[in-house]
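Here is a short report on one protein chain. The text follows contacts between helices and then single residues.

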Amino acid sequence: MSIASRGHRLGELAMQHRGWLMSQALKLCRNETDAEDLVQETLLRFVKAFEDREPLPERSTCVSWLTNTLSNLFYSQCRKQQVRKQHASDPVLAERAGLAPEQGVASEFNVPPEQLARAVSQLSPEKQATFELYGKGKKYREIASALGIQVGTVSKRLHDIRVQLGKLLRTNDKVN
């Protein structure tokens with residue numbers, strides 16, 4: 001059997017299960033677009049997994065493999081979404097994920113940038129300098145070098161800044 005005809009038969013085998021997979025994906029996702037993406041990825045992985053195997057898998061093997069893969073992909077997507085949510089609400093994790101620190105802090109407290117700037121102005125000069133460098137996207141080592149302090153001190157200051165800003169912004173929220 002040629003590679004092209006084998007790939008075609010494998011694709012047909014996968015597509016026989018598409019409707020059933022779609023109904024399963026809809027139950028998991030509760031969103032047609034996400035379900036479609038999930039099914040597409042599952043079918044793609046099926047074809048890749050079995051393209052070099054001879055003979056083609058039996059129906060029961062296909063059903064089992066497709067079901068497990070669909071479920072695993074869905075739970076993997078859920079975990080990724082949880083991690084993204086954590087990154088968005090924690091400035092340190094947001095930096096590692098490539099988000100701007102101010103966006104992480106501002107979105108965590110749901111405040112406009114002007115209100116965040118007012119709160120930052122109430123910090124000590126050392127904390128303001130640390131936060132400013134952090135806000136410019138500098139790494140902990142770069143901040144430590146620029147300020148002539150230890151990396152651990154940068155980490156502690158940023159932690160203290162988050163706590164202090166949290167209190168200031170929540171207090172300002174109650175006043176406004």
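In helix α8, the residues T130, F131, L133, Y134 and G135 are buried. Buried means under 20% relative accessible area, exposed means over 50%, and partly exposed lies in between (1.4 Å probe, protein chains only). Helices are DSSP runs (H or I, at least four residues), strands are runs of E (at least two), and both are numbered from the N terminus.

The model is predicted: local features need pLDDT of at least 70, side-chain atom pairs count only at pLDDT 80 or more, and totals for chains, interfaces and linings use all residues. Residues are numbered from 1 along each chain as its sequence is written, and side-chain values use heavy atoms, with hydrogens and water left out.

## The chain overall

The chain has 10 helices and 0 strands. Along the sequence the pattern reads α-α-α-α-α-α-α-α-α-α. Of the 176 residues in the chain, 32% are buried. Take the contacts (heavy atoms within 4.5 Å) between residues at least 6 apart in sequence. Among these, 60% join residues at least 24 apart.

## α8 and α9

Helix α8 covers residues 125-135, and helix α9 covers residues 140-147. Their axes come within 10 Å and cross at roughly 140°. Axes are lines fitted to C-alpha atoms, for helices over the stretch in contact, and angles run from 0 to 180 degrees between N-to-C directions. α8 and α9 are therefore oblique to each other. Angles under 35 degrees count as roughly parallel, over 145 as roughly antiparallel, 65 to 115 as roughly perpendicular, and the rest as oblique. The crossing of α8 and α9 is right-handed. A crossing is right-handed if the near helix is turned clockwise from the far one by less than a right angle, and left-handed if anticlockwise.

Which residues of α8 and α9 meet? From α8 come A129, T130, L133 and Y134. From α9 come Y140, I143, A146 and L147. By class, the contact of α8 with α9 has 7 nonpolar residues, 1 polar and no charged. Ala, Val, Leu, Ile, Met, Phe, Trp, Tyr, Cys and Pro count as nonpolar, Asp, Glu, Lys and Arg as charged, and the others, Gly among them, as polar.

E132 also belongs to α8. E132 is partly exposed, at 48% relative accessible area. E132 and I143 are 11 residues apart in sequence, and their C-alpha atoms are 9.5 Å apart. Just after α8, G137 takes a positive phi of about 90°.

## α2 and α3

Helix α2 spans residues 18-29 and helix α3 spans residues 32-50. Their axes come within 8 Å and cross at roughly 130°. That makes α2 oblique to α3. The crossing of α2 and α3 is right-handed.

On the α2 side, the contact has R18, L21, M22, A25, L26 and C29. On the α3 side, it has E32, D34, A35, E36, L38, V39, T42 and L43. These residues of α2 and α3 divide into 9 nonpolar, 1 polar and 4 charged.

R30 lies in the loop between α2 and α3. R30 has a positive phi of about 60°, although it is not a glycine. R30 is exposed, with a relative accessible area of 75%.

## T42, L43 and T69

T42 and L43 take part in the contact with α2. The table gives accessibility for these two and for T69.

| Residue | Helix | Relative accessible area |
|---|---|---|
| T42 | α3 | 0%, buried |
| L43 | α3 | 7%, buried |
| T69 | α4 (residues 59-89) | 12%, buried |

The side chain of T42 reaches the backbone oxygen of L38 at 2.8 Å. The side chain of T69 reaches the backbone oxygen of W65 at 2.8 Å. A polar contact is a pair of N or O atoms within 3.5 Å; within protein, one must be able to donate a hydrogen and the other to accept it, and residues adjacent in sequence count only if both atoms are side-chain atoms.

What does T42 touch, not counting residues up to four places away in sequence? T42 touches L21, W65, L66, T69, L70 and L73. On the same basis, T69 touches T42 and R45, not counting residues up to four places away in sequence.

Leaving aside neighbours within four places in sequence, L43 is in contact with A14, M15, R18, L21 and L66. L43 and L13 are 30 residues apart in sequence, and 9.9 Å apart in space, C-alpha to C-alpha.
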